[in-house]
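Here are my notes on the model, set out as numbered points for you to read beside the sequence and the structure.

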Amino acid sequence: MEGKQLKKLMVGMALTATLATAVTPGFGSIGGNQGKAYAATVTYKVTASKLNVRSGAGTNYGIIGSVVKDQTLSVVSKSGSWYKINYNGRTGYVSSDYVQASGITTPPAESTTYTVTASTLNVRSGAGTSYAAIGSVTKGQKLSVVSKSGSWYKINYSGRTGYVSSDYVQASGTTPPAESTTYTVTASTLNVRSGAGTSYASIGSVTKGQKLSVVSKSGSWYKINYNGRTGYVSSDYVQSSATASPKLVVDSFKTLGNAQQVILVTADNYDTKSAKIQTFEKVDGKWKQVLTANGVLGQKGFALSKKEGDMESPTGKYTIGTAFGRYANPGTKLPYRKITANDVWVDDSKSSLYNTWQQKPANGRWTSAENMDIPAYDYGFVINYNESRTPGKGSAIFFHVGTNYTAGCTATSKEQVVSILKWLNPEKNPVIIQSPVSELDKY
């Protein structure tokens with residue numbers, strides 16, 4: 001290393017030695033290469049006069065020791081431009097810029113397996129349900145996780161950055177605590193250490209009654225967020241107590257019967273065409289929120305009493321009918337019907353076929369019908385409204401593609417429609433509830 005570079009490196013080491021460690025929570029385990037060098041035929045030697053060993057893969061992590069020129073390292077894996085090594089019985093990281101590897105290829109990137117547990121899980125542009133969905137992943141799919149932000153995982157998604165809720169992702173090798181649990185210190189003073197054991201250096205302390213932000217548990221140690229760093233405290237001196245999980249709106253509903261999937265469409269009042277669409281699924285007897293999206297209603301909003309041609313969307317609770325689209329089945333478990341150029345939905349109140357799906361020509365069977373072969377019906381499903389086919393009460397009530405307003409249906413983006421179609425499972429008796437927010441107590 002040239003003198004100028006070495007001087008710069010040593011200055012950087014001195015400056016960063018005092019910096020707090022900024023560790024991404026929940027990433028304490030790796031695959032089967034832990035605890036051994038990548039291959040006996042590979043030699044990893046230090047090329048710098050002195051090279052810091054850090055507690056994480058970056059100069060913002062604390063220094064736990066150092067190695068010297070020509071020292072041979074026991075490399076476990078590679079994470080970006082950092083080697084993960086075994087250092088005096090501990091895990092450490094060194095910059096790969098100052099380590100020469102000879103023999104064969106670089107070690108594998110360290111990784112934990114992250115698997116989707118929900119039937120369908122939205123991938124969002126940011127860490128929260130208020131961010132737009134940019135796609136979705138399905139149950140059993142493996143994710144490339146970059147980091148964790150609160151209760152959201154940052155992932156690589158089709159060459160983009162996306163975020164998924166950690167509630168519906170299982171990470172192997174970690175035991176994340178329940179989000180609704182409070183962790184309180186019981187000792188007068190409790191050391192916070194750099195690793196899960198008393199052999200690790202103390203990086204600070206917490207006091208009795210202090211609340212902790214726990215990431216996961218490793219043996220008898222809790223991994224915590226400590227002043228922007230990752231630390232470990234003995235679980236012997238921490239009391240965990242479960243607290244009630246925040247209630248979801250569906251927890252208060254009394255009319256759901258055996259429904260285990262609910263699509264909830266709400267608006268601020270009867271007169272608005274803008275809607276909020278949420279989906280919920282009951283898992284192990286507990287409701288979980290799956291999706292939140294923006295949607296639209298009829299041009300005149302919700303109907304107090306739906307009538308044919310009133311440009312209003314009906315309120316109420318309805319079962320889900322046939323799924324449809326102008327293309328092949330996108331993966332829904334619902335019965336699926338592909339639309340043809342001759343498909344229509346009869347809206348003639350005087351016809352015996354009122355509010356049914358038929359095919360042209362009419363041959364006198366109706367005087368008016370809605371064409372089904374249109375972009376709004378690229379994908380959608382039938383809302384089972386007016387199943388008795390009462391003349392004039394309204395027909396052709398669908399959940400379909402659209403972002404402006406409808407003639408009485410409910411609509412959202414094509415991406416969200418497909419996501420919901422893939423999620424819906426007739427075995428879970430799904431229902432759709434449409435209501436102004438002020439009248440949700442009816443359900």
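**Notes on aromatic pairs and cores**

1. Y385 has a relative accessibility of 8% and therefore counts as buried, a term that stands for under 20% relative accessible area with a 1.4 Å probe and protein chains only. The model is predicted, so that local features need pLDDT of at least 70 and side-chain atom pairs count only at pLDDT 80 or more, while totals for chains, interfaces and linings use all residues. Residues are numbered from 1 along each chain as its sequence is written, and side-chain values use heavy atoms, with hydrogens and water left out.

2. The structure holds 13 aromatic pairs, meaning rings of Phe, Tyr and Trp (its six-membered ring) whose centres lie within 6.5 Å. Y44 and Y83 form one that is edge-to-face (planes over 60 degrees apart), at 5.3 Å centre to centre and 70° between the planes, and both residues are buried.

3. Y318 and Y385 also pair edge-to-face, with 5.7 Å between centres and 80° between the planes. Y318, at 13% relative accessibility, counts as buried.

4. The charged end of R337 sits over the ring of W357, 4.0 Å from its centre; the criterion is NZ of Lys or CZ of Arg within 6 Å of the ring centre and within 35 degrees of the ring normal. W357 also belongs to a cluster linked by ring pairs, together with F324, W345, Y377 and F398.

5. Q416 is buried at 6% relative accessibility, and, leaving out residues up to four places away in sequence, touches N122, A133, L291, T292 and A293, where contact means heavy atoms within 4.5 Å.

Technical notes. Buried means under 20% relative accessible area, exposed over 50%, partly exposed in between (1.4 Å probe, protein chains only). Rings of Phe, Tyr and Trp (its six-membered ring) pair if their centres lie within 6.5 Å; planes under 30 degrees apart count as stacked, over 60 as edge-to-face and the rest as tilted.
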